[in-house]
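Me: Could you take one part of this model and walk me through it closely? I'd like the reasoning spelled out, and then a look at how the part sits in the rest of the structure.

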Amino acid sequence: MFKLEPRQDASLWTSLRSILIALAITAVVSVLVMVVMSDKPAEAIWQLLSFPWQGRRMEVQFGLVAQQTAYLAIIAIGLSVGFKANVWNIGAEGQFAIGSVGAYLGYLILGSPEGAWALPLILLAGVIGGCLWALIPAALRVTSNTNELLTSLMLVYVASHLLTYLCIGPWKGDPKAGQAETFPMPESIRPETLINGTEFHTGLIILFVAFIVLAAILLFTLLGFRLRVAQHTPRAERFAGFSPDNTVWLSFLISGATAGLAGAVYLTAETGKLIQAENYLENFGFAAIVIAFLGRLHPIGILLAAFLISYVNVGASYVQASLGVDDSVADLIEVTALFAFLSTAMLDQYRVRWHTGSAKTSQAMS
Amino acid sequence: MTPETITFLMKLLGAAILLATPLLLAALGELVVEKSGVLNLGVEGMMLIGALFGYIAAYNLQTINCLEELIPGFCQKEERFFTLTDYLMALCAAALAGALLAAVFGFLTQGLRSNHVAVGLGLSILGAGLSNSLGSNFFGVNYTSVQVADHPAVFGQDLLVWFSLLAVPAIWYVLQRTRTGLVIRAVGENHDSAYALGYNVPKIRFYCILFGGAMAGLAGAFIVLVHVDWKEGVTVGKGWLALALILFGTWKPLRVLCGAYIFGLLWASELRFDNLFPSWQLEWKTALTMAPYVFTILVLVIISRNPRMIRQSAPASLGKLFNPPS
């Protein structure tokens, strides 16, 4: 078996190498998964890799990928702030839902406007909604020392039931619709489609700009430095005069704002109306947690991870349509990638020593 | 008390048992895991995978004949009497599936020293995603067509109900009165001292994690075999409630039992509001489904406001990374 030894020479190269090893493991296991699940594995793998250039127009396929990437990346970068500082907000799904609710509430408060000027205000209302929802677990953590991981998650269930309640009750729209939903927003205030027939719309640009701004703040400002200190040495954080309570507030504020923005953009651009939770929420908030860890909590890593996972997701549904390989392949690849990345993270800090011979094996295990 | 009230209360208790048993099973498994100093947040994922595999096993045991060879595209399911052995086999499948997923967690956290919280969260999220996609591929989108036969009952209740109730004193006894339990607690309180005494910390923790996974798998199986049919996210957050229950019970099996039944009763009475207030509108009933989750948050706040209670009973090495001195 093997034994782990602390490594003295940890450097950029060692982390890069462990990422490459994780990618290699993921690739090998993905190929194995394809061989098991498909009759024509070679063709399935080829189609999964090259699907944008097959069949339909390339812009359409890349539009789908960009759409998923945008939502996943913006939520994940918000979550990464807290994860770095050991603040566990896993309720982004709920903040996403309340972001949508806030945006719709803003739309109603503005008196159901028709002009495009209302869009920024509606998005702002969504951001505020997400923030307020995220501040509940933060306040409970700071005042009552409550485990924020459990409370933020419980609030996901509360938020999704609240969404359904609003669609059934006070904001009930067309009663003839097959599902509980509100009245749709007018086309005139919704983000414009940039290329006809694709998912590229101005909402995605807003999300990507927000992502870049937040990434710049985290990488190049004192605030970002402060959070990095909190990650590596919590004690030094206190000595430097940064309060842990403020870190909790800040982490939840940022992650709530990003999830709320994503929810507001999703409402205005994709659906245009609130729908009961089961048909509205697409688990972006939970998938973003995986993306944050795949990206090693680094903005560039998060963007790459969000793109790759979205690419595999869209590709898997294409392969399902063309070759009948079911799209749980995408989930399996995602599982493999996450565990490969988490398990190789220790290679940054440890060296693996392999032992041969049975006597040594038992010693190494004990 | 009128006979109607008594029947109503009996029905309420019956429903409470159905809701409390999976909570209790999962929480007891996780209790042992946390006592050994490991925080496994993957309970929800293990429950869902256990539920799916228990359901698939029961479904396959029940429907054996398929006439696809005779008429292409037509599958006639011939129902077979569902015996106790079949039931136990389905439970074994569920426990095994849960334990397998837990083994992945154990290998990553104990063998490769990955972050407990990250791997546990991953387990929960991916367990949910995987059970959804595998489940919809196995049963098709229309889940309602699948019917698993009645489970065999013992003394009017399901076998697992008695098992979960017996597990409470058993786990208390093992943890508090046996040598094994002492070793588990030692590993959880101070892994460095336990290591210095010659105990194989990762190995002991790994076995505890396997036990927790098997219990979570059983909890999932109970939900789909006894309570409701399989559907996406059938556990509705019960795995996370089980985690909250351990805080509620401050790592003591008997208090966990009480907590599970309090939750069960509350949940059951909330579901029975239909009968009590038939005039209530659908929207109010929807709003009321939030109640168990809001209640959990309130309980957590009340418990955590007393930090001494948490600090005195929480295993001291809970969730901390173990680096053996080499």
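Reply: Let's go with helix H13 of chain B, residues 291-304, bearing in mind that this is a predicted model. Its 14 residues, at 1.5 Å a residue, should span 20 Å, and the end C-alpha atoms are indeed 20 Å apart, so expectation and model agree.

Now, which residues of H13(B) are buried? They are Pro292(B), Tyr293(B), Thr296(B), Ile297(B), Leu300(B), Ile303(B) and Ser304(B). These residues cover an arc of only 140° around the axis, so they sit on the same side of H13(B). The general rule behind this kind of pattern is that an α-helix has 3.6 residues a turn, so residues three or four places apart point the same way.

Stepping back to the chain around that helix, chain B has 14 helices and two strands. Of its 326 residues, 46% count as buried. If you take the contacts in chain B between residues at least 6 apart in sequence, 81% of them join residues at least 24 apart.

Pro315(B) gives you a single-residue view of that chain. You'll find Pro315(B) in the segment after helix H14 (307-313) of chain B. It counts as buried because it has 21 C-beta neighbours inside 10 Å, and 20 are enough. Leaving out residues up to four places away in sequence, Pro315(B) touches Glu34(B), Lys35(B), Gly37(B), Gly188(B), Glu189(B) and Trp251(B). As for Ala186(B), it is 129 residues from Pro315(B) along the chain, yet their C-alpha atoms are separated by 9.1 Å.

Chain B also meets chain A: 39 residues of chain A are in contact with 41 residues of chain B. On the chain A side, the elements giving two or more residues are strand E1 (2-6) and helices H5 (118-144), H6 (148-168), H12 (284-294) and H14 (328-344). H6(A) gives the most, with eleven residues. By class, that side of chain A has 23 nonpolar, eleven polar and five charged residues.

Chain A itself is divided into domain 1 (1-35 + 327-366) and domain 2 (67-297), and the centres of the two, taken over C-alpha atoms, are 33 Å apart. For a residue to look at there, try Ala230(A), which is in helix H8 (222-232) of chain A. Ala230(A) is buried, with 24 other C-beta atoms within 10 Å. From Ala230(A) to Trp53(A) it's 177 residues in sequence and 45 Å in space, C-alpha to C-alpha.

Conventions
Residues numbered from 1 in each chain as written. Chains lettered and ligands numbered in written order. Predicted model: local features only at pLDDT ≥ 70, side-chain atom pairs only at ≥ 80, totals over all residues. Helix = DSSP H or I, 4+ residues; strand = E, 2+ residues; numbered from the N terminus. Expected span 1.5 Å × (residues − 1). Buried ≥ 20, exposed ≤ 12 C-beta atoms within 10 Å, placed from the backbone. Arc of directions from axis to C-beta. Contact = placed C-beta atoms within 7 Å. Domains from an automatic or database assignment. Nonpolar A, V, L, I, M, F, W, Y, C, P; charged D, E, K, R; others polar.
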